[in-house]
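Colleague: I should like to go through some of the labels attached to this model and hear the reasoning behind each.

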Amino acid sequence: MLTYIVRRLLLMIPTLIGITALVFSIMAIAPGGIGAALRAAEGNMRPEQRREIEEYLKKQYGLDKPAYEQYLRWLNNVSPIGLKSPDIGWPHRWRFGVKTSELGQSWIRRQPVMDIFATALPITLLLNAVTIPIIYAIAVTAGIYAARTRGKAFDLISGTTFMALWSIPVMCTGVLMLGFLANKDYLQAFPTGGLHSTLAQAMPFLPHHTASGWEAGWLTDFIWHLVLPVACLTYGGFAFLSKLMRASVLENLSADFARTARAKGLSEKVVLFRHVLRNSLLPLITVAASILPGLIGGAVIVESIFSINGMGKTMVDAIFVKDQDVVMAETLVVGVVTLFSLLLADVCYAIADPRVSYD
């Protein structure tokens, strides 16, 4: 297993290079090429700001060089191992070794990319940390119960409901939730966006009782702001996985090992939870590799609708203004997350099924 993990980690390097090279090429052949947004903003800048941007573009990308050399410059900047000299074109100044990774700077926001990600990444990870347990808890529970009551009311109602939920686009759901559940002309039961109210910083952390009654604290306000975004991120996932779980449980209930367990006198509950459940989780583990990248992709829509400044909204804003460093850095982050998700799924698969070996 250790050899397999090391081999997979090494294979991530050429895969990431291929992903980033593709995105860099798309940005380079787009109208205006690299730094188009920065040049477009030069008309509103002072001469010293314009010179600063021109020097930055020349140093960061070497715009007077071929496209492949521009990409190599960026790759050298973000890599923790590479050429320490900024002048790639002069061999006598090359110093190869360990160095500090540099993701660049967003000139639209006037911030280093690392500072932007330090704010946006925890928000997206928090949304995923809340969403994934809810998805799997509902999917596993509903899938098992639907399989045990096959053909009965719960199975039919849940199957129809989950199919309908899976068919509704997230964008449509988010807009409808804002229009009806957060609109002051209708229910206005939830906030329209963000993660906190305007006065949240002045609130105590927990709910408390005052002379005028109960007042929501910072934690309650935060949870209340998460309800609609988390609902948008979860319903498609558990709708799909619950159907997958139901089919897997039904298949394993009719397998030979389940019939053998019943023949030994074991109760149906013991057969289900001790023998069938573990094998039934294997398809869910396989699909889990795409859940986290899928949630990050879904966060692009949800964060934009609910005005949440996470990685998704940051990526959309950067693409619209062609903020090159932000787009490339986020491509790198999403690629790393996706590849590690695939690796984690393979490891969990081997843990769940002892018959699987990668040695």
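Colleague: Why is D317 called partly exposed?

Modeller: This is a predicted model. The relative accessibility of D317 is 30%. Partly exposed covers the range between under 20%, called buried, and over 50%, called exposed, so D317 at 30% counts as partly exposed.

Colleague: What makes K313 and D317 a salt bridge?

Modeller: The side chains of K313 and D317 meet at 3.3 Å, N to O. The cut-off is a Lys or Arg side-chain nitrogen within 4 Å of an Asp or Glu carboxyl oxygen, and therefore 3.3 Å qualifies the pair. Both residues belong to helix α12 (residues 311-321), where they are 4 residues apart, about one turn of the helix.

Colleague: Is K313 buried or exposed, and how do you know?

Modeller: K313 has a relative accessible area of 19%. Because buried means under 20%, K313 is buried.

Colleague: What makes D256 and R259 a salt bridge?

Modeller: The closest N and O atoms of D256 and R259 are 2.2 Å apart. That value is within 4 Å, so the pair is a salt bridge. D256 and R259 both lie in helix α9 (residues 256-263), 3 residues apart, about one turn of the helix.

Colleague: Why is D256 called exposed, whereas R259 is called partly exposed?

Modeller: D256 has 53% relative accessibility, and the label exposed applies over 50%, so D256 counts as exposed. R259 has 44%, which lies between the two cut-offs, so R259 counts as partly exposed.

Colleague: How do you know that R262 pairs with E268 in a salt bridge?

Modeller: The closest N and O atoms of R262 and E268 are 3.1 Å apart, and this is within 4 Å, so the definition is met. R262 is partly exposed, with a relative accessible area of 29%. E268, at 40%, also counts as partly exposed.

Colleague: How many salt bridges are found in the whole structure?

Modeller: A search of the whole structure finds 4; the pairs discussed here are among them.

Colleague: Turning to L206, what makes G217 and L219 its contacts?

Modeller: Contact requires heavy atoms within 4.5 Å, and L206 touches G217 and L219 when residues up to four places away in sequence are not counted. L206 lies in the loop between α7 (170-180) and β5 (208-210). The C-alpha atoms of L206 and W218 are separated by 6.3 Å, although these residues are 12 apart along the chain.

Colleague: Why is L206 called partly exposed?

Modeller: Its relative accessible area is 49%. Exposed would require over 50%, so L206 is partly exposed.

Terms used
Residues numbered from 1 in each chain as written. Predicted model: local features only at pLDDT ≥ 70, side-chain atom pairs only at ≥ 80, totals over all residues. Heavy atoms only, no water. Helix = DSSP H or I, 4+ residues; strand = E, 2+ residues; numbered from the N terminus. Buried < 20%, exposed > 50% of the residue type's maximum accessible area, 1.4 Å probe, protein only.
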